Amino acid sequence: MAEDLNIQKGTKQEQYESLIPQIQGLLMGETNLIANLANISAALKEQFNWWWVGFYWIHEDELVLGPFQGPVACTRIKKGRGVCGGAWEKGETLIVEDVEKFPGHIACSSASKSEIVVPVYFGEKMVGVLDVDSEHLSHYDDTDKRYLEKIVALIPNS
Ligand code: SME
C-alpha cells in the first residue's frame, strides 16, 4: 500500500484517472469496511479538497453517518429526506447544482452550495451513499458521477 497519495494537477478527468489506481492500492488486501471507507474519504478530500466528503450507511430505516472528512455533520437521515435520502429512495446518483433550490435539502453546513450523492451497492443491494459537498455552485457534473460511481464500485464486497 502506498503511504502517500500522489496529488495530480490537471483536468478533473486527469485527477480521477490518477486517483483511481491509488485508491485500488489503498483497498488492496484490506477487507475492513470502516478502514476502506475512511481511506476513500481521505483520498478524495486530499486530491480535490472538497468541502465535505463521506459516507452514510443504511441501518434499518435510516442513513447513519460513517467515515468522512470535513466539518461535523448530521448523523441520521431518513429515506427520502435531503439529497442523501433522495438518492437512497431513487437508488441512483443525484447531482444538485444549487442546494438551496433542492426541496428538503439538509444543510449540515451553510457553506455547502452544491452536492453529489452516489449510491453504494453490494451486488444488488444498496448499502449506503457517498456524499460530496462543495462550497462552490454547480461544482459536480457527469464526469464526477461516472468516476465516483467507479470508485464506490471498488469497495470490497461491492
Ligand atoms: N446535505 C445532505 C446532508 C448531509 S451533509 O451535506 C454532510 C443532504 O441533503 O442529504
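Trainee: In which strand is the place of Asp-133?
Mentor: Bear in mind that this is a predicted model, so local features need pLDDT of at least 70, side-chain atom pairs count only at pLDDT 80 or more, and totals for chains, interfaces and linings use all residues. Residues are numbered from 1 along each chain as its sequence is written, and side-chain values use heavy atoms, leaving out hydrogens and water. Strands here are DSSP runs of E with at least two residues, helices are runs of H or I with at least four, and both are numbered from the N terminus. On that count, Asp-133 belongs to strand 6.

Trainee: Which side chain of opposite charge is nearest to Asp-133?
Mentor: Lys and Arg count as positive, Asp and Glu as negative, and His and the chain ends are not counted. Asp-133 is buried (under 20% relative accessible area with a 1.4 Å probe, protein chains only; over 50% is exposed, in between partly exposed), yet it has no salt bridge. Such a bridge needs a side-chain nitrogen of Lys or Arg within 4 Å of a carboxyl oxygen of Asp or Glu. The candidate is 10 Å away: Lys-45.

Trainee: And which side chain makes a polar contact with the side chain of Asp-133?
Mentor: A polar contact is a pair of N or O atoms within 3.5 Å; within protein, one must be able to donate a hydrogen and the other to accept it, and residues adjacent in sequence count only if both atoms are side-chain atoms. At 2.8 Å, the partner is Ser-112.

Trainee: How much of the ligand's own accessible area does the protein cover?
Mentor: Look at the polar atoms beside it: a side-chain N or O atom of Asp-133 is 2.9 Å from a ligand oxygen, and a backbone N or O atom of Ile-106 is 2.7 Å from a ligand nitrogen. Areas come from the Shrake-Rupley method with a 1.4 Å probe, and for residues only the protein chains shown count as cover. Of the 300 Å² that the ligand has on its own, the protein covers 98%.

Trainee: Glu-115 next: which side chain is joined to it by a polar contact of 3.3 Å?
Mentor: Glu-115 lies in strand 5. It too is buried without a salt bridge, with Lys-113 12 Å away. The polar contact is with His-105.

Trainee: How many of the nine residues of helix 3 are buried?
Mentor: Strand 5 and strand 6 are among the elements covering the buried residues of helix 3, which include Val-83 and Cys-84. Helix 3 is largely enclosed by the rest of the structure because its buried residues number seven.

Notes. Contact means heavy atoms within 4.5 Å.
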